[in-house]
Each structure stands twice: as structure tokens, then as C-alpha cells.
Amino acid sequence: MSIGSSPTPALLEVSNLSVTLHTARTSVKPVDGVSYRVDEGEVLAIVGESGSGKTILNMAPLSLLPTGLDAEIEGTVKFNGLDILRAPEQQLRKLRGGEIGVIFQDPLSSLNPVRRIGRQIAEVSELHLGMTAAQADKRAAELLALVGLPDPLSRLQQYPHELSGGMRQRVGIAMSIAGEPKLLIADEPTTALDVTVQAQIVELLKDLQRRLQMAIVIITHDFGVVSGMATKVAVMYAGRLSELGPVDEVLMTPVHPYTKGLLGSVPSLNAEIGSKFIGLPGQPPDLSRLIRGCAFTPRCASALQSCGATQPQLLSVPGESSTHVAACPVVINKLTRVMEDV
Ligand SMILES: Nc1ncnc2c1ncn2[C@@H]1O[C@H](COP(=O)(O)OP(=O)(O)O)[C@@H](O)[C@H]1O
Ligand SMILES: [Mg+2]
């Protein structure tokens, strides 16, 4: 049984997922044995420094990696019980943009520059919901209104370059929900935007999540986003999860030294939009090298000699809910002793 699993089938269940990327010169493993589940209506935030594997983790199972990347995927990813790693490409194509919506960091990457935005949104509803062109055009206008674009009817006629960055991301969001997804995957949807616009987009996502009852997996560098919309949070370091749990437990009582480092002085549960990770001293490891033991050891103030020897597994955090787990036996053992003493 994977960590945090319960008897009811999950909307998304990732079990022991690993991704190896083969390039001409070398192989790297940016995702290494990752497991988590997302239930209907839940919001999972994935945090971690750049290069920790967050994008590969989410995009590889959907075959959405940049073209030319040779990825070898192991483990299982189930969506509503369907094993999507072994599903035929045709079935995957139906899921992407349909039951699974995707929002990219840069909306320009999902928009066609030479086509009117109305048609681009409408095509998603035609393809995934079987609407006629007329129905889908009407729906596109409704979606633009839903994502807060003023004057939607004339907007439909515009091209991506005629819109500001924030407006384009609203269009990207309209497209991502045009297939009425049960799960939305948002990869740093606000990173490219300035802070006031970021806050508006986060409010929009929160509002849509409530109204449409979608589950969301959001990759973010912003603890304001985590505390403002997530129900649970996964912390990723060098391709592995270092901590996973309910958002209030992870933010208020972080266990893994890496999570503590990321949180730094951010007043966590009240973090405002724009509260980014503090700079941790040191660098994440080079993933093309074999890592023995805990990958965070060289940067960790609590590390013992043993940390560099064996790879730590996720363990339940004593005194917290059973779904709060952390891959740090040093801190967990300390907490266990403290619990036994009281
Ligand atoms: N296009 C690529 N070619 C080769 N390696 C890549 C490529 N994209 C990502 N990687 C490798 O995968 C690791 C994780 O990347 P990524 O998932 O994009 O990180 P994150 O989204 O957490 O910033 C990188 O550190 C790098 O080693
Ligand atoms: Mg990324």
C-alpha cells in the first residue's frame, strides 16, 4: 500500500513513480520513487526549488514533456482507476484537455499565436464535450466571462499578442477548464506575472475550484498560494518527496530540515501572495550523479553521519495525522523520544 492511501479509490493516485531522462550524453533521474494521492475536490501544492523535478513529475505521465526528450517512466499513475501510463495514446489524448486540464507557466506555450482566442477555446469544448461550433463559441464567451475577461464577445476575436500577460493567463485558464476537467494541473501559473496580477489569478483559481469542485495540483514557489488554496502540500527535493501532509500541519509544524529551510521566516499560514522561498545556502545536487543517502545531507544543519549512507523513506510524523509524513529519520526519532518522555 502506498503512503497516505485509504480504501476509497483516489481521483489521482501516483505510486512509486520514477522518470529517467536520457540525453545524448547522460541520463538523469529527476523523479525517483514518488507516491501521493489526490482526492476529488482536493488541492495539492507541490513546492521545491527549481530543478527538483516538479514539472517532470506532473508532465511525464501525460506525455507532455518537451519534444525530443527521451523519458523512461516506471511506477503507476491512476486517474479514476485508469492506469494512464499504460493507456493507449488515443485515450490519453481524450483525458488531456478533457477530464484533466493543464495550465502552463507561460500561457503563450498553450496558445496558438496566429489564431483567434475564441476559436482556440471553443475547439476544446468541441473536441472533449462534443459541442457544435455554435454551442462551443457561445460557451467560449461564457468561459471568458467566468475567468473575468471584460467584454468577452469582442475578446473572442482577438489574437494572443493583443492581450496583457495576466489576460493571456486568464485565457489559458479558460482553455484549461473548457473540457470540464475533474483535475486541473497548474505548473507555476503565476510565476510569469507581476505580483498584483498573481494575486488576482490565485483568487480566480480559488473561485473556480469552489464553483466547479475541481481537484487541483498546483506547482508553486509561493507560500501565499500554498496557504491560500492548498489542502495538502508535497515538498520535493532532488526528485524525491521530503515531506507530504495536510497544509496546516506541514506549514505550522514542518519536520524535514529542507521544509523548514524553505519556509524560513515566512509566517506560514498567513503568508501573503508573493511570499517566495528564502534562499537556502548551497545548491541542490547534480542529478546525473549517483546520490547515496539523503540528498539534502550536504546542506543540512541537523545531518548525522548516517544520513549520507542510506536513503530515507517517508515516515509518519508522531503526534500528527497519519497522512503527515517526512523522510527524515533523525528528526522523527527525536520527536518520537520527546513524545515518549511526556
Ligand atoms: N529538457 C531537459 N533536458 C534534460 N534534462 C532536463 C530537461 N528538463 C528537465 N531536466 C532535468 O530534470 C530536472 C528536473 O526538472 P524540472 O522538473 O523542470 O524541475 P522543476 O519543475 O522542479 O523546476 C532538472 O534539474 C534536469 O536535471
Ligand atoms: Mg518546473
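How far does a backbone N or O atom of Gly53 lie from an oxygen atom of ligand 1? In this predicted model, the gap comes out at 3.0 Å. That contact is a handy place to start, and the rest of the ligand's surroundings can be filled in from there.

Gly53 has company along this stretch of chain. A polar backbone atom of Ser52 sits 3.2 Å from an oxygen atom of ligand 1. Lys54 joins in through its side chain instead, with a polar atom there placed 2.7 Å from an oxygen atom of the ligand. As for overall cover, ligand 1 has 560 Å² of accessible area on its own, and the protein covers 67% of that.

Stepping back to the whole shell, 13 residues surround ligand 1, and those that come nearest are Gly51, Gly53, Lys54, Thr55 and Ile56. By residue type, the shell splits into six polar, five nonpolar and two charged members. Which helix supplies the largest share of this shell? That would be H1, spanning residues 54-59, which contributes three residues.

Away from the ligand, the helices offer a second thing to look at, namely how they pack against each other. Take H6 (residues 165-177) and H7 (residues 195-212) to begin with: their axes come within 10 Å and cross at roughly 20°. Angles under 35 degrees count as roughly parallel, so H6 and H7 run roughly parallel to each other. The crossing in which H6 passes H7 is right-handed.

H6 also meets another helix, H4, which covers residues 133-146. Here the two axes come within 9 Å, and the crossing angle is roughly 125°. Because of that angle, H4 is oblique to H6. Left-handed or right-handed, then, for H4 and H6? Their crossing is right-handed.

Put together, H6 takes part in two of the helix pairs described here, one with H7 and one with H4.

Conventions: Residues numbered from 1 in each chain as written. Chains lettered and ligands numbered in written order. Predicted model: local features only at pLDDT ≥ 70, side-chain atom pairs only at ≥ 80, totals over all residues. Heavy atoms only, no water. Near = heavy atom within 4 Å. Polar contact = N/O pair within 3.5 Å; in protein donor to acceptor, adjacent residues only side chain to side chain. Areas by Shrake-Rupley, 256 points an atom, 1.4 Å probe, with all protein chains shown as cover. Helix = DSSP H or I, 4+ residues; strand = E, 2+ residues; numbered from the N terminus. Nonpolar A, V, L, I, M, F, W, Y, C, P; charged D, E, K, R; others polar. Axes fitted to C-alpha atoms, helices over the stretch in contact; angles between N-to-C directions. Parallel < 35°, antiparallel > 145°, perpendicular 65-115°, else oblique. Left-handed = near helix turned anticlockwise from the far one by under 90°.
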